[in-house]
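Hi there,

I'm passing on the structure we talked about, so please load it in your viewer before you read on. My notes come right after it.

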Amino acid sequence: MHPLTLQELAGDFDLQWVLSYGSLPKICTALKEKKRGEAQDLLRAYAVSYLREEVKAEALVRNLQGFQNFLEVAAANYSEQINFSAASRDCQVALTTVKEYYSILEDTLVGFFLPPYLKSQRKRMSQQPKFYFFDNGVTRALLGTLQDPPTPSEQGRLFEQWVIQEIVRLNEYHQKDWKLHFWRTSHGAEVDVVITRGTRLLYAIECKFKRQPSAGDLSGLRSFHDDHPDVPCLVVAPVVQSYRLGFARVLPPDRLFRNLSDETG
């Protein structure tokens with residue numbers, strides 16, 4: 001089971017809570033009862049007892065200190081393309097071991113890879129995947145930042161991770177058979193999520209933690225749109241109402257997820 005979705009939280013949904021503490025059921029209950037300290041303690045315990053002790057108990061890794069170093073590096077670099085060589089240097093473990101550690105996180109459902117979309121006809125695409133954790137609260141527990149509110153730059157990354165988490169959950173719960181990718185050119189133009197089914201491109205989605213995204217926020221989508229003019233381009237942001245922005249539509253999260261849930265094409 002995944003953490004609670006926006007739909008499951010319903011009237012209890014609070015975007016700032018989800019960005020700061022995630023949506024594991026016990027955490028949501030503690031926050032609803034205004035026990036923020038208890039929520040923080042539970043998240044720290046999860047990060048320590050499960051991600052470290054359980055992995056050790058299952059003998060999934062031999063070098064526990066190396067794995068601890070890796071967790072800190074992986075948490076610091078969530079939502080970014082993985083530089084395996086740099087992670088190997090930072091963790092002081094072999095390159096093959098870093099790749100094995102990432103696979104352990106994926107196999108234990110602590111996180112997931114988002115591969116690049118590699119079928120551009122005109123631009124050479126970047127090859128390395130991104131990695132996301134399954135819950136924002138666990139991410140921030142690993143980072144040791146639970147006591148402090150997310151910084152503006154951290155909010156943007158947490159919002160992106162949460163949106164992608166929700167799309168992953170929706171895909172699995174509704175058996176959509178989607179494949180999720182990110183899109184990035186060698187020149188740095190990027191789109192956060194591209195959804196495909198089979199050989200079809202269904203949607204390109206950009207995440208913006210802004211109250212009113214503008215045309216200046218569409219550079220990555222615009223580059224994608226030039227290559228794929230028939231694919232709907234969406235911007236998800238904490239806006240009150242949907243609106244058109246040139247070739248793209250700006251949607252609040254609940255509207256985006258509802259539209260994706262209703263997708264049958």
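Below is what I found, from the whole chain down to single residues.

Please keep in mind that this is a predicted model, where local features need pLDDT of at least 70, side-chain atom pairs count only at pLDDT 80 or more, and totals for chains, interfaces and linings use all residues. Residues are numbered from 1 along each chain as its sequence is written, and side-chain values use heavy atoms, with hydrogens and water left out.

**The whole chain**

The protein chain has 11 helices and 8 strands; these are DSSP runs numbered from the N terminus, with helices being H or I of at least four residues and strands being E of at least two. Its radius of gyration is 19 Å, which agrees with the value near 18 Å for a compact globule of 265 residues. That radius is taken over C-alpha atoms, and the globule rule is 2.2 Å times the number of residues to the power 0.38. Along the principal axes, the C-alpha atoms fill a box of roughly 50 × 45 × 35 Å.

Buried residues account for 52% of the 265. Here buried means under 20% relative accessible area, exposed means over 50%, and partly exposed is in between (1.4 Å probe, protein chains only). The chain exposes about 13,100 Å², and carbon and sulfur atoms supply 48% of that area; accessible areas come from the Shrake-Rupley method with a 1.4 Å probe, and for residues only the protein chains shown count as cover.

As for contacts (heavy atoms within 4.5 Å), take those between residues at least 6 apart in sequence: 59% of them join residues at least 24 apart.

**Charges and salt bridges**

There are 32 positive and 32 negative side chains, and the centres of the two sets lie 4 Å apart. Lys and Arg count as positive and Asp and Glu as negative, while His and the chain ends are not counted. Each charge is placed at NZ of Lys, CZ of Arg, CG of Asp or CD of Glu.

Side chains of opposite charge can pair when their charged atoms come close. Searching the whole structure gives 12 salt bridges, each being a side-chain nitrogen of Lys or Arg within 4 Å of a carboxyl oxygen of Asp or Glu. Three of the pairs may interest you:

- K32 and D12 form a salt bridge, with 3.3 Å between the closest N and O atoms. K32 is in helix α3 (residues 25–32) and D12 is in the loop between α1 (6–9) and α2 (15–21), so the pair ties together parts 20 residues apart in sequence. K32 is exposed at 54% relative accessibility, whereas D12 is partly exposed at 40%.
- E80 and R157 meet in a salt bridge at 3.9 Å, N to O. E80 lies in the loop between α5 (64–76) and α6 (84–91) and R157 in helix α9 (residues 152–173), so this pair ties together parts 77 residues apart in sequence. E80 is partly exposed at 34%, and R157 is partly exposed at 23%.
- K130 and E160 form a salt bridge, their closest N and O atoms being 3.9 Å apart. K130 belongs to strand β2 (residues 130–133) and E160 to helix α9, so the pair ties together parts 30 residues apart in sequence. K130 is buried at 3%, and E160 is buried at 11%. Salt bridges that share partners join K130, E160, R184 and E190 into one network.

**Helix α10**

Which residues of helix α10 (residues 219–227) are buried? They are G220, L221, S223, F224, H225 and D227. Their cover includes β3 (179–184), β4 (190–197), β5 (200–207) and β6 (233–236).

**Loops worth a look**

S186 sits in the loop between β3 and β4 and is partly exposed at 40%. The C-alpha atoms of S186 and Q127 are 9.6 Å apart, with their positions 59 residues apart in sequence.

L118 is in the loop between β1 (111–114) and β2, partly exposed at 45%.

Two residues that are not glycine have a positive phi of about 50°: A10 and Q175. A10 is in the loop between α1 and α2. Q175 is in the loop between α9 and β3, where Q175 counts as exposed at 67%.

Happy browsing!
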